[in-house]
Amino acid sequence: MTAVTGRVAAAERGETRIADRVVAKIAAQAAKEAVENPPADGISPRATVTVHRDSARVRVSLELGYPGDIGRTCGAVRRRVAHRVNTLAGMEVPEVAVQVERLHPTGTSAAQGRIR
């Protein structure tokens with residue numbers, strides 16, 4: 001058995017690549033964490049990403065409860081997704097597009113559903 005006598009230079013070690021689908025899963029989970037009151041019957045957020053070198057552009061589709069502050073929630077999703085992708089994948093996130101696919105009424109009762 002021989003001992004390793006020298007270190008391999010960083011440029012010769014190779015590189016780590018993170019698959020787009022992994023970044024998309026990180027983004028979807030971060031979006032889920034950012035939505036304070038998700039609708040009970042809503043679908044979990046979904047994300048698609050485009051990765052170019054150390055940068056990821058993210059598109060998140062989600063469903064929200066209504067009434068609610070949609071703008072504030074979308075802003076929270078953007079910030080959370082950008083932070084988590086940067087922290088966990090080491091990528092800059094110059095763009096997070098949030099698409100609200102559906103609004104779910106919250107606090108509905110039988111009386112609210114009737115037409116008067």
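Two strands are taken to pair if DSSP finds at least two bridges between them. The exercises below concern a predicted model.

**Exercise 1.** Determine the strand order of the sheet and identify its edge strands.

*Solution.* Step 1: the sheet is open and consists of three strands in the order E1-E2-E3, with mixed pairing. Step 2: strand E1 (46–52) and strand E3 (92–105) each pair on one side only, which makes them the edge strands. Step 3: on average, neighbouring strands are turned by 15° against each other, direction ignored.

**Exercise 2.** Describe how E1 is joined to strand E2.

*Solution.* Step 1: E1 and E2 (residues 55–66) run antiparallel and are joined by seven bridges. Step 2: one bridge can be located by residue, since Ala47 has Val60 in E2 as its bridge partner.

**Exercise 3.** Place helices H1 and H2 relative to the strands.

*Solution.* Step 1: H1 (residues 20–34) lies across E1 and E2, at about 135° to E1. Step 2: H2 (residues 70–89) lies across E2 and E3, at about 140° to E3.

**Exercise 4.** Characterise the largest pocket and the second largest pocket.

*Solution.* Step 1: the largest pocket has a volume of about 270 Å³. Its lining includes Glu15, Arg17, Val51, Asp54 and Met91, and divides into four nonpolar, two polar and five charged residues. Step 2: the second largest pocket holds about 230 Å³. Of its 14 lining residues, Asn37, Gly65, Gly68, Asp69 and Thr73 lie nearest the centre. Step 3: E2 and H2 are the elements that give two or more residues to this second lining, and H2 gives the most, with four. Six residues of the second lining are nonpolar, five polar and three charged.

Key: Residues are numbered from 1 along each chain as its sequence is written. This is a predicted model: local features need pLDDT of at least 70, side-chain atom pairs count only at pLDDT 80 or more; totals for chains, interfaces and linings use all residues. Side-chain values use heavy atoms; hydrogens and water are left out. Axes are lines fitted to C-alpha atoms, for helices over the stretch in contact, and angles run from 0 to 180 degrees between N-to-C directions. Contact means heavy atoms within 4.5 Å. On a 1 Å grid over the protein atoms alone, a cavity is a set of points where a 1.4 Å probe fits but cannot get out, and a pocket is an open set with protein on both sides within 12 Å along at least five of seven lines; lining residues have an atom within 4 Å of a point. Grid points are joined across faces, edges and corners, and a volume is the space filled by probe spheres set on the points. Ala, Val, Leu, Ile, Met, Phe, Trp, Tyr, Cys and Pro count as nonpolar, Asp, Glu, Lys and Arg as charged, and the others, Gly among them, as polar.
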